[in-house]
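Me: I would like to learn how to read a structural model. Could you take me through it feature by feature?

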Amino acid sequence: MAKKSLSRRKFLIGAASVSGAAILAACAPQVVEKVVQQTVVVKENVQQTVEVPVQQTVIVEKAAPAGPVVLTAAHAWEAAFEAHQEEFDNNFMKANPNIFIKRVNSDWSAHNQIVPTWAAAGELPDIIYVHGSRAFPWNKEGILITVDNYVSADKPFDVAGIWPEALKLYQFNGKQFEIPYDHGPVIMGYNMDLFDAAKVEYPKPDWTVDDFVATAKKLTIPGKQWGYSGYYGNTFDLGNEIGIALVGGWGGEVFTDDESKLVVDSPESVEALKWWADMYTQKIVPNAAESTAFPSGVWVAGAAAMFGLATWGVPQMHDFGNFKYDVAPWPKGPKGQKTGSFGSGYGITKDSKNPDVAWTYMSQYLNVDGMNFMWASSGRGSPARLACKETYMKAAINPPNAGYFYDAMDKYAVTGHPYHTAASGEVADILGKYCGLVRTGEMTPEDAIANIVKEANPKLAAAAAG
Amino acid sequence: MENALVAPVQTIPWYKTVKFRKTAQVVLVYALIIPGGIILILPFLWMVTTALKVQKQIFTFPPVFIPNPVMWSNFYEGWTKYVPFTRYLFNTLEIVTNNVVGNLVSCVLAAYGFARLKARGKEIIFYMVLGTMMVPLWVTIIPQYVLFSKIHWTNTYLPLTVPAWFGWPFFIFLLRQFFMSIPRDLDDAARIDGASTWGILWHIILPLSKPALATVAVFAFIGNWNNFLGPLIYIRDTDKYTLAIGLQRFQGIYGNVQYHYMMAVATIIVLPIVIVFFLAQNLFVKGIVMTGIKG
Amino acid sequence: MTQALSTPKKPKLSPLRRKEEFEFYLSILPWIIGFILFTGGPIAASMFFSLTDWTGLTTRNFIGIQNYIAMFTTDKQFLTVVANTFYYSFASVILGTIGSVLVAILMNQKIPGINVFRTIYYLPSVTSGVAIAIMFMWLFNPQLGLINYALSLLGIQGPLWLASSTWAMPALILMSLWGIGGNMIVLLAGLQGIPDHLYEAARIDGANKVQEFFNVTIPMLSPVIFYVMIVSIIGSFQIFDNVYVMTRGGPGDATRVLVYHLYQNAFEYQKMGYSSALAWILFLIIMALTYLQFRFGRSWVYYESE
């Protein structure tokens, strides 16, 4: 039986129209028949009201859910901590029987891929976890809603009790979008066992950077242990929370306040960074090759006497560290004491069908009691409220002087830039790239700084203008 | 009587005997593959030893190679304590089976067409098939999600299972190469006997392609067994999650990963596959004998 | 009688050929339907988005070919990134193809215990990626790693691998060899299809093992070797996971490859439109290389059925 052969072109045209039609059909609004009353002219000067069937295009709204309102929340917890979250949610549901909480969990990087994906389809959950670095882009693009009106109407929530440095991370165009849950500084952790073995005195609360480097020298054993291992193994680093910690003590800055350009090439900042980089020459810090010898990190493995420690570094110490450790304030520099802080928060998304109910949850989740339950008592990152200090200090996994984290937030920690420029992603990569080359010994700090400023400033300027 | 007809015994030098040659072959082959084998098995060994360690012992320095104490309980705890892995196992099996069977059906058909049938436009379409392998996931992930969202397939397994029934370029290409290695003589003979195109596929080509089909089955299985991002994006009900997602649940954002549980579950998941692979090797090697055509 | 000059007519297909053509389109019908329904749309969408300034979220304005121009003007990393990707791909494909062919042949011997080794070589494909990443870090560690230790036994001082701009990419290339098991399986399957009588005939003609290899094994295996090469090039040009987990494109830009650059633009810089344009350049590069391989393949790939 001879059949007409299908030509290529016909195939493709047919294919395109089928798929196009399928997509159009799926998105078309519904057409319904409605009956409306219209006034028509029947005869000259006689008007009559008749009922006329009319086709109207309406967007059919989902029927209001019968029974409890379902709130979905997207977190980035691991399974062990989710048990804690579940406890909170169960307590909340008992207290609010008309609300049902459904949880979704991803790991951190998957979360940041998934949120844009869901946003594009309009399927975001009601409440999502927002890392400090995502707040600006996500707020700018409007995938979360402002909570100012909720906050001002909710006096018991006590938004004033939250660190202002934390709140400002989640503000855009003068409006508050997310509420921080944890916000912590970088201070100095130290391995008490190594100090004891070398009979060196523990850091004093008012110690300076000179005390610090002298102590590091005393605790360095070539090939075996280092006096200081940096922040997450990196001594030369300009990331959000650590960059300002390195240059702040010398009166320097990394960014201008409006993030329109980098000022890490100012004399103060350069002096500071050269001081820190000199520790590589003195071999009291591990270089990149040495640092990566330990899969969990030099400091967790117990091969570093001192290390930059943020509140979110504590769970890892607890899980894998085999030594006694404590924390001390970040050492004072020649021109003052400064360190960086950063954090994460939660917000209500644009796709939430019940933002008011979502706020009820957020309010309970992020007030003093909620923060105490979730993060202060578990010791997991320092809650963004001063009122939680007592509970936080008592958490089992925390070092004895965990109060120093709060002191820092209270007195000398500032939220590390960049966090309100559209170029923050690119600039972060540029900073990381050149700092990495300093750490491998392939570039001097001065060249790195020069390159950073040359490459990043145009991008910052463009972002500030556009 | 004289033994005049006894053939003189030739002494073969020892290095030419069959026995020596065979032993030499074995030694040579092993000398070449053992070094690689040692390196390749290291991750597996780390996985298994970590699964048996107490968490604090995982990253000690100097490293501890033999767990002490040996925590057999990690297997049970990892599997049951936090996340319902048994249910995830069944979920994953559902997705994987669909993928294996669906791919076998659709890719065999397409590969047969590309390998055996002449048509105008075949080359262009084949490049199109290959072309779909050349666009990275990151730029299609969002449009693809929006597409499935518009047809209301999100929060179901459909986006993960249905496409397999329509072919996957890697397998189509693989089977095409195998089919093109099969001589046409058998085809022609069958045609003379009145076989249809599809009959040739079923009675001639497929029986001769068992190793290739087994390969496709294995790859389809493994690829979906370990697939993490797809299920995570599309599934919203946590009781519908898969094993790969379950494994990720041990990954804390603060570097506090529960490696011991993660590796314990990973070992449980991997062991059956490894055992099946080990036992089913006959499918890959000398599973069929190329007969039917005299040289 | 003079023959009237007429334009040669296109030869009509015989009914048999038309039937065959119909059957062809029937055989690929599932794939075509799948393409129309699932794959084609998103791919076409990304092509459209490459002409916009889409952030990956809500902002999306048509900007024409600005993204493509930016690649060669504003994006200072683009050419480095492309060069890195070519470097990685060619090196890993050459090493991987030769390696997996040799391994497949070794594994094809009927030797006691070879089953165990075939399984061992395939293990990395099924082992947890986390375990593999951790082992890589340890193996390639300049101080304590196994590789530098082995080199030191030979009197060579090992390089700094991932902590060096020169040696980071070679480290990644070596790591790609972990996937040898996957290709080994495909080649093993291909080796099964080589008829014994060809080897017998070669032996009768006096061929030794090496001649057997080059005159029987390689030609008969060439369709599968061809598959391994093409798929390896397509895959290696899209390398991402190891870079994301281990080097983040560093040190400097030494290991910054195209898909990593693309990912950063899409999800970290909020430049999904530009990222889509990068994807399309990647597509063109891979397609061009694949086409060249097919053209060149006609001279060395032997199909028994042709």
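What follows is a dialogue on a predicted model.

Me: Where do I start with chain A: how many helices and strands does chain A have?

Reply: Begin with the secondary structure. Chain A contains 18 helices and 13 strands. Then look at burial: 56% of the 466 residues of chain A count as buried. The exposed surface of chain A is about 19400 Å², and carbon and sulfur atoms supply 55% of it.

Me: What share of the contacts in chain A with a separation of 6 or more comes from residues 24 or more positions apart?

Reply: In chain A that share is 71%.

Me: Now salt bridges. How many are there over all chains?

Reply: A pair counts when a side-chain nitrogen of Lys or Arg lies within 4 Å of a carboxyl oxygen of Asp or Glu. By this rule there are 25 salt bridges over all chains.

Me: Which residue meets D237(B) in a salt bridge, and where do the two partners lie?

Reply: The partner is K102(A), with N to O at 2.5 Å. D237(B) sits in the loop between α11 (229-234) and α12 (243-248) of chain B, while K102(A) belongs to strand β4 (residues 99-105) of chain A, so this pair joins two chains. D237(B) counts as buried at 18% relative accessibility, the cut-off for buried being under 20%. K102(A) is partly exposed at 26%.

Me: What does the salt bridge between K274(A) and E446(A) tie together?

Reply: Check the distance first, then the positions in sequence. The closest N and O atoms of K274(A) and E446(A) are 3.5 Å apart. K274(A) is in helix α10 (residues 267-281) of chain A and E446(A) in helix α18 (residues 445-465) of chain A, so the bridge ties together parts that are 172 residues apart in sequence. Both ends are partly exposed: K274(A) has a relative accessible area of 41%, and E446(A) has 35%.

Me: Is E201(A), the partner of K204(A), buried or exposed?

Reply: E201(A) counts as exposed, at 58% relative accessibility. K204(A) is partly exposed, at 45%. Their side chains form a salt bridge of 2.4 Å, N to O.

Me: Which residues are linked in a network of salt bridges?

Reply: Look for charged residues that are joined through salt bridges. One such network links E82(A), E86(A), D89(A) and R103(A) with R249(B).

Me: And which residues gather in a patch of positive charge on the surface?

Reply: Residues in such a patch have no salt bridge. Here K16(B), R21(B) and K22(B) gather with K110(C) and K209(C). Of these, K16(B) lies in the segment before α1 (18-51) of chain B.

Me: How do I read a helix, and which residues of helix α4 of chain B are buried?

Reply: An α-helix has 3.6 residues a turn, so residues three or four places apart point the same way. In helix α4 (residues 122-131) of chain B, the buried residues include I125(B), F126(B), Y127(B), V129(B), L130(B) and G131(B). Their cover includes α3 (85-116) and α7 (169-180) of chain B, and from chain C α1 (15-27), α2 (29-49) and α14 (272-297).

Me: Last, a single residue: where is L309(A), and what does L309(A) touch?

Reply: L309(A) lies in strand β10 (residues 304-310) of chain A. L309(A) is buried, with a relative accessible area of 2%. Leaving out residues up to four places away in sequence, L309(A) touches, among others, P185(A), V186(A), I187(A), Y325(A) and F405(A). V298(A) is eleven residues from L309(A) along the chain, and their C-alpha atoms are separated by 13 Å.

How values were computed
Residues numbered from 1 in each chain as written. Chains lettered and ligands numbered in written order. Predicted model: local features only at pLDDT ≥ 70, side-chain atom pairs only at ≥ 80, totals over all residues. Heavy atoms only, no water. Helix = DSSP H or I, 4+ residues; strand = E, 2+ residues; numbered from the N terminus. Buried < 20%, exposed > 50% of the residue type's maximum accessible area, 1.4 Å probe, protein only. Contact = heavy atoms within 4.5 Å. Areas by Shrake-Rupley, 256 points an atom, 1.4 Å probe, with all protein chains shown as cover. Patch = residues over 30% accessible without salt bridge, like charges linked within 9 Å, V, L, I, M, F, W, Y side chains within 5 Å. Lys, Arg positive; Asp, Glu negative; His and termini not counted. Charge placed at Lys NZ, Arg CZ, Asp CG, Glu CD.
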